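Please examine the structure shown here together with its sequence. The paragraphs that follow move from the chain as a whole to the surroundings of its ligand and then to a single loop residue.

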Amino acid sequence: MARQEDKRGYPERMFPTTILHVSSASIRFKGIGKEPFEEARLEHAGDLKASGTIEIAAAALRSSHLVAFPTETVYGLGANALDPDAALKIFKAKGRPVDNPLIVHISDLQMLRRLVPDTYQPSPVYAALMDAFWPGAMTLLFPADEMKVPSVVRCGLKTVGVRMPSHPVARALIAASRLPLAAPSANASGRPSPTTAAHVYQDMTTIKGKEIEGRLPYIIDGGPCQVGVESTVLDGVTDAKELRVLRPGGIGVEDIESVLKDKSLLEEVEGSSSGAVRLRVYGKDLKRDKKDEDHPTTPGMKYRHYSPDAEVVLLVSEKGRALTEAIFGSQDSKAVPLGEAISSYVSEHPRAGQKILQIGIMSMDDSHLTSLLFPQDSATNRNSNDTYDFRRFSLGSLKTPEQAAQRLFEGLRTLDGDDQVKGVRRCGLIFVEALEDDAKVGLAIMNRLQKAAGSVLYVQY
Ligand code: TXA
Ligand code: MG
């Protein structure tokens, strides 16, 4: 007699979490037509080991278990989006509030049709966006077929957020399982999003004595994520005349604007066509609204996010004040000299018995702030005295915000002591250099910092 399969999940059941390695280079797709593919199939003729590994994970998903997998933005915690029991496991494993809806990931356009009403036809704006940005870091809200997409995935909303990831491993997993996958970021709720498999392992397993108790059976390791911040979430269904950026993300607002402009789909541009919309960015030119923020329709607004244990403070120059105030709301605080600002934080920060306070600095290599804080020791990025010890985590060059995006969550986790490298002490305080420009992925970075930082410090330098 076949053994009854145990489909229970955390916390009723724990797993010996296995990390499966799959390299993107070993994945081959067969797609019909041009991207975004109408139908995408995984080619097994390529690397047998890779497709075998993907099959193991796909089988677990079909048995309603959770699998964490890499995407180009951040790691996702996936479950069969059409099975309410499976989707509920995501909320439990993350400790996620049950009124925060999940994004559904698809590998091709055929899968989209399994989520929306039979009569649904995408608007010209949506058609243009899918054409330009799928597969990629863009989530679009669609009207949901409420009979097919379980309420737990949508949190009772009439819409469903859908994304076609470009990461070959993510897409292979979706294609092999033939299941749309509900997947939020694979961090424990409130923690920085994971950009490596090790981050997921950190949040999803506990060491009990000698045993490792995991909340899921498999984590697929496909290397570090390239984008590093989550997808841009767009709502073009609530108001047919507007395209709302609910969450800035991996795809910049200017890129969206430029595609719509080219197709005469931006209302403010003369000669625009009848399906044209206004593009509005929530919290920037779409006024923040307390009522909305208490509802889960505005991603990430209601809950505190991305917080490491350390206190995170945003350092803002006078040049960066306008952007920071646009995102954080205007503040009356006067700028203070850098040295003074840091000493006041250092003297007031609780030490927990440490004589020398470990301070993390996340800053750009070529910024004025970095040269002031690390005048001699730019090679080791250390600067110590009797009361504090600065440890720097590079966010790359001022010229490449993409690099800052890719490194942002990694930096918060590393300085917070997650890597547990011998001799590396966790920082009680982390200063992060604010951007002065919100171009490209800059807006997404500042949005994440708004949620990670407990306070803002305006400094003169
Ligand atoms: O890049 C990403 O989007 C990653 C990867 C794994 O794909 N996923 C991700 O999921 O960031 P999550 O759950 O951490 O963030 C999804 C956000 C949530 O804040 C949620 O409020 C919003 O999208 N969302 C999902 N469905 C929605 C809906 N129907 N209406 C409004 N917001 C929705
Ligand atoms: Mg998240």
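**From the overall fold to the ligand shell**

The secondary structure of the chain amounts to 14 helices and 22 strands. With a radius of gyration of 23 Å, close to the 23 Å that the globule rule gives for 461 residues, the chain is as compact as a globular protein of that length. This is a predicted model, and the values discussed here are to be read accordingly. Along the principal axes, the C-alpha atoms fill a box of roughly 65 × 65 × 40 Å.

Burial and contact order add to this description. Of the 461 residues, 55% count as buried. Among contacts between residues at least 6 apart in sequence, 72% join residues at least 24 apart. The area that the chain exposes is about 20,000 Å², and carbon and sulfur atoms supply 52% of it.

Attention may now turn to ligand 1. Around ligand 1 there are 24 residues, of which Thr73, Arg96, Asn100, His105 and Ser231 come nearest. By residue class, the shell divides into ten nonpolar, ten polar and four charged residues. Several polar side chains can be paired with particular atoms of the ligand. In the side chain of His105, an N or O atom is 2.6 Å from an oxygen atom of ligand 1. An oxygen atom of ligand 1 also lies 3.0 Å from a polar side-chain atom of Ser185. For Thr159, the partner is a nitrogen atom of ligand 1, at 3.1 Å from an N or O atom of the side chain. How much of the accessible area that ligand 1 has on its own does the protein cover? The protein covers 98% of that area, which is 680 Å². Two elements, β6 (103-105) and β8 (159-163), give two or more residues each to the shell. Of the elements, β8 gives the most, with three residues.

A residue in a loop completes the tour. His44 is located between β3 (40-42) and α1 (48-62), in the loop that joins them. Is His44 buried, partly exposed or exposed? Its relative accessibility is 38%, so His44 counts as partly exposed, the range for that class lying between 20% and 50%. Leaving aside residues up to four places away in sequence, His44 touches Ser51 and Glu55. Glu318, by comparison, is 274 residues from His44 in sequence, and the C-alpha atoms of the two are 56 Å apart in space.

How values were computed
Residues are numbered from 1 along each chain as its sequence is written. Chains are lettered from A and ligands numbered from 1 in the order in which they are written. This is a predicted model: local features need pLDDT of at least 70, side-chain atom pairs count only at pLDDT 80 or more; totals for chains, interfaces and linings use all residues. Side-chain values use heavy atoms; hydrogens and water are left out. A residue is near a molecule or strand if one of its heavy atoms lies within 4 Å of it. A polar contact is a pair of N or O atoms within 3.5 Å; within protein, one must be able to donate a hydrogen and the other to accept it, and residues adjacent in sequence count only if both atoms are side-chain atoms. Accessible areas come from the Shrake-Rupley method with a 1.4 Å probe; for residues, only the protein chains shown count as cover. Helices (H or I, at least four residues) and strands (E, at least two) are DSSP runs, numbered from the N terminus. Ala, Val, Leu, Ile, Met, Phe, Trp, Tyr, Cys and Pro count as nonpolar, Asp, Glu, Lys and Arg as charged, and the others, Gly among them, as polar. The radius of gyration is taken over C-alpha atoms; the globule rule is 2.2 Å times the number of residues to the power 0.38. Buried means under 20% relative accessible area, exposed over 50%, partly exposed in between (1.4 Å probe, protein chains only). Contact means heavy atoms within 4.5 Å.
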